[in-house]
Amino acid sequence: SNPDALSSETWLYNITTQAWAPLAPLPAGIASHTATAVGAAVVVLGGRGIVPQYSTVAYELTLPASTWRMVAPGGTAVAQFAGHSAVYYAAAASIFVFGGYSPQLPYQSDRTNDVWMYNLEGFWTKVTAAGSDSIPPMAFHSAVLHNSDMIVWGGGKHTYYSDESCVTDQLLVYSVACNRWLDPATTQLSSPPQARMSHVAAIRGRSMIVAGGFFGMPMGDVKGLVLPTDWCGAQDLGTCAALPECASCPAVSDSCVAAAPNATAASLGFENCSALTLGACNWPCVALSSCGQCAANALCAW
């Protein structure tokens, strides 16, 4: 009955019966958080509380038992944000978080373009991603995982006096496997849906399904953003060499093309190419800062 209270309710929607059922409530009321499916569990990260203002713990819901477990952050890094996005990347056994509002000064918060990695053992790592200088601070956007890319769309970006557009229809691509943002100029869709914020999104095949949101008023539409099969063709040679799904032959061409790991110059159409460059990257191992984090990551060795 208190209009200032934050809800701790948890509900399950049965797709088959199209019915809602209450589950055990969260240990604390929060808002503007994320809930990410990880196997038979749901992991809730971040969000706005009352005291403290930003949640610094993770909550794990085990299904079908409907039991909650609070996970205090391990190590010294503490992540605080609300209105962010999150995707689970199984190869790193981690949830990757982008953007949102976070505290900058006492009693002052602002949007960020930070990327954080939450290892399921409870460790947070703030990630320094290549190409982040070209990524705007963002909040109340959506994100999905497509192959090994975090696809970010929409969101709020209003900045007094310098940017009065309030919301964006920009599509951003973060290569989780390579810890690299692609140049936003190379990832824009030709006919994006109406810009918005506070919407939701899901991935189905190559389609990012966007529903609802806010653009001056609540929106009730559902749109599909068809993603390209790859991002190679628009990349420069430097980025091409850092993406494992791409290849180039700088000696004879400035083109970047999609390539399988066993591709040859001839199969890719590079004539007289004696040195094919197949893209490669070795992240996320280089971002891990402790033996515990490394041991929990199947891709890495300490």
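Which residues have the most contacts inside the largest nonpolar core? In this predicted model, they are Phe96, Phe98, Met150, Tyr174 and Trp181, and the core they belong to has 20 residues. Several strands contribute to this core, with at least two residues each from strand 7 (85–89), strand 8 (94–98), strand 11 (115–119), strand 14 (149–153) and strand 15 (171–175). A second core, separate from the largest one, has 16 residues, and Trp153, Val210, Cys246 and Cys256 are among them.

Attention now turns to the sheet built from strands 3 to 6. These four strands form an open sheet in the order 3-4-5-6, with antiparallel pairing. Strand 3 (34–38) and strand 6 (67–71) each have a single partner strand, so each of these edge strands has one side without a neighbour in the sheet. On average, neighbouring strands here are turned by 25° against each other, direction ignored.

The edge at strand 3 can be followed residue by residue. Strand 3 runs antiparallel to strand 4 (residues 41–45), and five bridges join the two. Within this pairing, alanine 35 has valine 44 of strand 4 as its bridge partner, while alanine 37 stands opposite valine 42. The hairpin formed by strands 3 and 4 has two residues between the strands, and in it glycine 39 takes a positive phi near 60°.

The two faces of strand 3 can also be told apart. Thr34, Thr36 and Val38 make up its covered face, whereas Ala35 and Ala37 lie on the uncovered one. As general background, side chains in a regular strand alternate between the two faces of the sheet.

Nonpolar side chains are also found at the surface. Trp11, Tyr13, Ile15 and Trp20 form a nonpolar patch there, and together they have about 530 Å² of accessible area. One member of the patch, tryptophan 20, is found in strand 2 (residues 19–23). Tryptophan 20 counts as exposed because its relative accessibility is 58%, and the cut-off for exposed is over 50%.

Charged pairs complete the description. A search of the whole structure finds three salt bridges. One of them joins glutamate 60 to arginine 69, with the closest N and O atoms 2.8 Å apart. Glutamate 60 is buried, at a relative accessible area of 13%, but arginine 69 counts as partly exposed at 46% relative accessibility.

Another salt bridge brings together the side chains of lysine 126 and aspartate 114, at 3.6 Å from N to O. This pair links distant parts of the chain, twelve residues apart: lysine 126 is in strand 12 (residues 124–127), and aspartate 114 is in the loop between strand 10 (108–111) and strand 11. Aspartate 114 counts as partly exposed, with 22% relative accessibility.

There is also a salt bridge between aspartate 221 and arginine 196, where the closest N and O atoms are 2.7 Å apart. Both partners are in loops: aspartate 221 lies between strand 18 (207–211) and strand 19 (222–226), and arginine 196 lies between strand 16 (180–181) and strand 17 (200–204). The pair thus connects distant parts of the chain, 25 residues apart. Aspartate 221 is partly exposed at 22% relative accessibility, whereas arginine 196, at 0%, counts as buried.

Methods: Residues are numbered from 1 along each chain as its sequence is written. This is a predicted model: local features need pLDDT of at least 70, side-chain atom pairs count only at pLDDT 80 or more; totals for chains, interfaces and linings use all residues. Side-chain values use heavy atoms; hydrogens and water are left out. A nonpolar core is a set of buried Ala, Val, Leu, Ile, Met, Phe, Trp, Tyr and Cys residues joined through side-chain atoms within 4.5 Å. Buried means under 20% relative accessible area, exposed over 50%, partly exposed in between (1.4 Å probe, protein chains only). Two strands pair if DSSP finds at least two bridges between them. Axes are lines fitted to C-alpha atoms, for helices over the stretch in contact, and angles run from 0 to 180 degrees between N-to-C directions. Patches are made of residues with over 30% relative accessible area and no salt bridge: like charges are joined within 9 Å, nonpolar side chains (Val, Leu, Ile, Met, Phe, Trp, Tyr) within 5 Å. Accessible areas come from the Shrake-Rupley method with a 1.4 Å probe; for residues, only the protein chains shown count as cover. A salt bridge is a side-chain nitrogen of Lys or Arg within 4 Å of a carboxyl oxygen of Asp or Glu.
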